[in-house]
Amino acid sequence: MSKLVFITGASSGIGQALALRFFQAGYRLALVARRTSVIESWASAEGISADSYKIYSADVAVPDSIVAAGLACIASQGVPDVVIASAGISIGMDTAMQEDLAVMAQTFATNNLGLAATFHPFIQAMAQRGSGVLVGIGSVAGIRGLPGHGAYCASKAGVIAYCESLRGELRASGVKVVTICPGYIDTPLTQKNSYGMPFLMQPQDFANKALAIIESGCSYRVIPWQMGVVAKLMRLLPNAVYDKLLVGRARKPRQTAGSGIH
């Protein structure tokens with residue numbers, strides 16, 4: 001039987017691009033999203049046969065919902081070979097505004113707790129089997145904070161640290177944990193950005209590179225690599241210099257999306 005990949009945020013952006021690339025590589029698909037009709041229409045348009053995929057309706061921000069989707073996948077399709085937590089949101093935040101504390105809670109619920117809840121149903125089964133790959137989609141925005149993006153940057157920094165911790169916990173089990181940090185990917189999440197986006201990448205190009213990284217067993221990678229260099233240089237800048245460069249940067253608009261400055 002062909003390998004199985006479980007992907008959240010599969011109705012758009014990075015998640016959808018990953019689903020198509022894994023299908024092209026011969027994987028069966030377990031696709032998770034709130035907008036299941038969107039996935040059905042997309043799969044039909046791409047010529048993906050009905051017996052190659054199953055759709056699970058779930059809200060990643062609600063732990064019981066995404067855990068139930070994972071358990072349903074195991075019961076229906078078996079234990080996946082790869083699990084990709086791609087669902088995520090990005091919403092502008094201003095800590096001076098009390099209502100934006102709820103924005104931070106919503107962002108963490110989806111991007112952090114949702115990530116852990118996505119992995120949870122599969123860890124014991126993968127460990128018992130002695131194989132499997134858990135993939136967390138972080139962001140170069142998690143490497144250094146950006147004004148107006150406090151909730152998103154903090155959540156993606158949390159993704160990076162969480163996956164690193166989990167990788168250590170599972171090292172002896174045979175289950176691998178991979179962290180992928182996209183730069184700017186041309187998705188609904190970035191298309192409303194009003195500022196320049198260096199090294200902007202098409203979703204399918206990102207998916208091609210991500211598949212190769214996941215199958216290689218690499219534990220951490222920034223895509224595209226140029227953004228990895230930029231991120232490292234940003235990390236090395238003294239605070240005074242970094243702060244001066246970003247003076248006046250606008251608060252990110254109030255927008256949400258499935259995935260992908262990213």
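**Strands, crossovers and selected contacts in a predicted model**

Strands E2 and E3 (residues 53-57) are paired in the parallel sense, with 5 bridges between them. The structure described here is a predicted model. Within this pairing, Leu 29 has Tyr 53 of E3 as its bridge partner. Between the two strands the chain passes through helix H2 (residues 36-45), and this β-α-β crossover from E2 to E3 is right-handed.

Strand E2 also pairs with strand E1 (residues 4-8); the two run parallel and are joined by 5 bridges. Here Phe 6 is placed opposite Ala 30 of E2. A right-handed β-α-β unit is formed by E1, helix H1 (residues 13-24) and E2. Strand E2 thus takes part in two pairings, one with E1 and one with E3.

The surroundings of E2 were examined next. Strand E2 spans residues 28-33, and 6 of its 6 residues are buried, so the strand is largely enclosed by the rest of the structure. In a regular strand, side chains alternate between the two faces of the sheet. In E2, one side carries Arg 28, Ala 30 and Val 32, while the other carries Leu 29, Leu 31 and Ala 33. Both of these faces are covered, as all of the residues named are buried.

A second set of strands is arranged around E5. Strand E4 (residues 82-85) pairs with E5 in the parallel sense over 4 bridges, and Val 83 is found opposite Leu 134 of E5. Together with helix H4 (residues 100-129), E4 and E5 make up a right-handed β-α-β unit. Strand E5 is also paired with strand E6 (residues 175-182), again in the parallel sense, over 6 bridges. In this pairing Gly 132 has Val 175 of E6 as its bridge partner. The chain reaches E6 from E5 by way of helix H5 (residues 150-170), in a β-α-β crossover that is right-handed.

Strand E5 (residues 132-137) is mostly covered, with 6 of its 6 residues buried. Gly 132, Leu 134 and Gly 136 point one way from the strand, and Val 133, Val 135 and Ile 137 point the other way. Buried residues are therefore found in both directions from E5, since buried here means under 20% relative accessible area and all six side positions named meet that description.

Helix H5, which links E5 to E6, also contains a charged contact. Arg 167 and Glu 164 both lie in this helix, 3 residues apart, or about one turn. Their side chains meet in a salt bridge, with an N to O distance of 3.9 Å. The count for the structure comes to 1 salt bridge. Arg 167 has a relative accessible area of 26% and is therefore partly exposed.

Aromatic contacts were also searched for, and 2 aromatic pairs were found in the whole structure. In one of them, the ring centres of Phe 22 and Tyr 27 are 4.8 Å apart and the ring planes are at 75°, so the pair is edge-to-face. Both partners are covered: Phe 22 is buried at a relative accessible area of 0%, and Tyr 27 is buried at 6%.

Further along the chain, the peptide bond from Ile 223 to Pro 224 is cis, with omega near -5°. Most peptide bonds are trans. Pro 224 is located in the loop between strand E7 (220-223) and helix H7.

Helix H7 covers residues 225-236 and includes Leu 236. Trp 225, Val 229, Leu 233 and Leu 236 make a nonpolar surface patch of about 490 Å². Leu 236 has a relative accessibility of 69% and so counts as exposed.

Val 247 is situated in the segment after helix H8 (239-245). With a relative accessibility of 66%, Val 247 also counts as exposed. Val 247 and Pro 147 are 100 residues apart in sequence, while their C-alpha atoms are 8.4 Å apart in space.

Note on methods. Residues are numbered from 1 along each chain as its sequence is written. This is a predicted model: local features need pLDDT of at least 70, side-chain atom pairs count only at pLDDT 80 or more; totals for chains, interfaces and linings use all residues. Side-chain values use heavy atoms; hydrogens and water are left out. Patches are made of residues with over 30% relative accessible area and no salt bridge: like charges are joined within 9 Å, nonpolar side chains (Val, Leu, Ile, Met, Phe, Trp, Tyr) within 5 Å. Accessible areas come from the Shrake-Rupley method with a 1.4 Å probe; for residues, only the protein chains shown count as cover. A salt bridge is a side-chain nitrogen of Lys or Arg within 4 Å of a carboxyl oxygen of Asp or Glu. Buried means under 20% relative accessible area, exposed over 50%, partly exposed in between (1.4 Å probe, protein chains only). Two strands pair if DSSP finds at least two bridges between them. A crossover is right-handed if, with the strands pointing away from the viewer, the path from the first strand over the helix to the second runs clockwise. Rings of Phe, Tyr and Trp (its six-membered ring) pair if their centres lie within 6.5 Å; planes under 30 degrees apart count as stacked, over 60 as edge-to-face and the rest as tilted.
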